[in-house]
Amino acid sequence: MLDDYAGAASTPDVAVHETAAELCDAVARNLVDELAAAQARNGLASVVLTGGRTGIAVLERVRANPRIRNVDWSAVRIFWSDERFVPAGHPDRNEAQARDALLDHVPVDPRLVYPMGASDDPYGTDSATAAAAYSDLLRRMERPDCPLFDVCLLGVGEDGHVASLFPGHPASEEPLLAAVSVRDSPKPPSERISLTLGTIRSSAEVWLVTTGAAKTAAVADAFRGNTDFPASRAVGIERTIWHLDREAAGGL
Ligand code: 6PG
């Protein structure tokens, strides 16, 4: 089912913000509003969180946003776009950073929080085993004609990566699994778990968030349709939006 949506793809919109701080505040506000709207529609809301400076900064601004009270956090399903394959609780883990920034400060239902495996998990010290477990979890959650996620947040790397899907890496072309192991990530740490592009593309909305002059070229290349860049193929069924600050948008 996840791949049923492979054909449906929205045309990317762009929102340019004066500064990184303004971007994070705007994305945080939009995320709170979208989670509340999804709950009004479906009861539950499902969001994919991401790592990296911008992805975590957005969560910190969500925590500071007074509209946070409009969300029933006990009815939000929390997933990750990717995870560094390090021990549970390690400060490098995207889950640990998301908990520090937001999740430990709102009343989420732990049964609806789905972290990716850690390298010291009792059942899987191998990232491929942990990725397969996450892939199976997502497959079990599929529902006909219903996007798995309401919003998928993604940061963007200078090389055009999203999640832990890097240009030219086999994981970026994975056709079957919903989540994969990445063992030679060019961005440390080298071992990771990542959603595949097929899974990302089964989101109702994909929000790419990136800032700074270091991303100017990657953003411009992605918008020129450089399909070597996973970022240019990270699109939602209903909506894709790139949130950029002025520097990252400098090449558009
Ligand atoms: C990770 C992230 C990764 C990140 C980008 C952008 O685990 O590192 O998921 O995809 O979002 O590398 O990171 P910055 O926002 O820090 O540039």
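This report covers the ligand site, the aromatic pairs and two backbone features of a predicted model.

## Where the ligand sits

The ligand sits in the second largest pocket. Around the ligand there are 15 residues. The closest are Arg53, Asp82, His161, Ala163 and Lys215.

Two elements, α2 (52-64) and β4 (82-84), each supply at least two residues of this shell. The most comes from α2, which gives three residues. Sorted by class, the shell has seven polar, six charged and two nonpolar residues.

## Polar contacts and cover

Oxygen atoms of the ligand take part in several polar contacts. Lys187 brings an N or O atom of its side chain to 2.8 Å from a ligand oxygen. For Thr50, a polar side-chain atom lies 3.3 Å from an oxygen atom of the ligand. Thr54 uses its backbone instead: a polar backbone atom there is 3.3 Å from a ligand oxygen.

How much of the ligand's accessible area does the protein cover? On its own, the ligand has 420 Å² of accessible area, and the protein covers 95% of that.

## Aromatic pairs

The model has three aromatic pairs. One of them joins Phe79 and Tyr114. Their ring centres are 4.9 Å apart, and the planes meet at 15°. The pair counts as stacked because planes under 30 degrees apart are classed that way.

Where in the chain do Phe79 and Tyr114 lie? Phe79 is in strand β3 (residues 76-80). Tyr114 is in the loop between α3 (94-101) and α4 (127-141). The two residues are 35 residues apart, so the pair links distant parts of the chain.

## Backbone features in loops

Two loops hold backbone features worth locating. The peptide bond that joins Pro188 and Pro189 is cis, with omega at about -5°. Pro189 is in the loop between β6 (179-182) and β7 (192-195).

Which sign does phi have at Asp145, positive or negative? The phi of Asp145 is positive, at about 55°, although Asp145 is not a glycine. This residue belongs to the loop between α4 and β5 (149-154).

## In brief

The ligand sits in the second largest pocket, and the protein covers 95% of its accessible area. Elsewhere, Phe79 and Tyr114 stack. A cis bond joins Pro188 and Pro189, and Asp145 has a positive phi.

Methods: Residues are numbered from 1 along each chain as its sequence is written. This is a predicted model: local features need pLDDT of at least 70, side-chain atom pairs count only at pLDDT 80 or more; totals for chains, interfaces and linings use all residues. Side-chain values use heavy atoms; hydrogens and water are left out. A residue is near a molecule or strand if one of its heavy atoms lies within 4 Å of it. A polar contact is a pair of N or O atoms within 3.5 Å; within protein, one must be able to donate a hydrogen and the other to accept it, and residues adjacent in sequence count only if both atoms are side-chain atoms. Accessible areas come from the Shrake-Rupley method with a 1.4 Å probe; for residues, only the protein chains shown count as cover. On a 1 Å grid over the protein atoms alone, a cavity is a set of points where a 1.4 Å probe fits but cannot get out, and a pocket is an open set with protein on both sides within 12 Å along at least five of seven lines; lining residues have an atom within 4 Å of a point. A molecule sits in a cavity or pocket if more than half of its atoms lie within 2 Å of its grid points. Helices (H or I, at least four residues) and strands (E, at least two) are DSSP runs, numbered from the N terminus. Ala, Val, Leu, Ile, Met, Phe, Trp, Tyr, Cys and Pro count as nonpolar, Asp, Glu, Lys and Arg as charged, and the others, Gly among them, as polar. Rings of Phe, Tyr and Trp (its six-membered ring) pair if their centres lie within 6.5 Å; planes under 30 degrees apart count as stacked, over 60 as edge-to-face and the rest as tilted.
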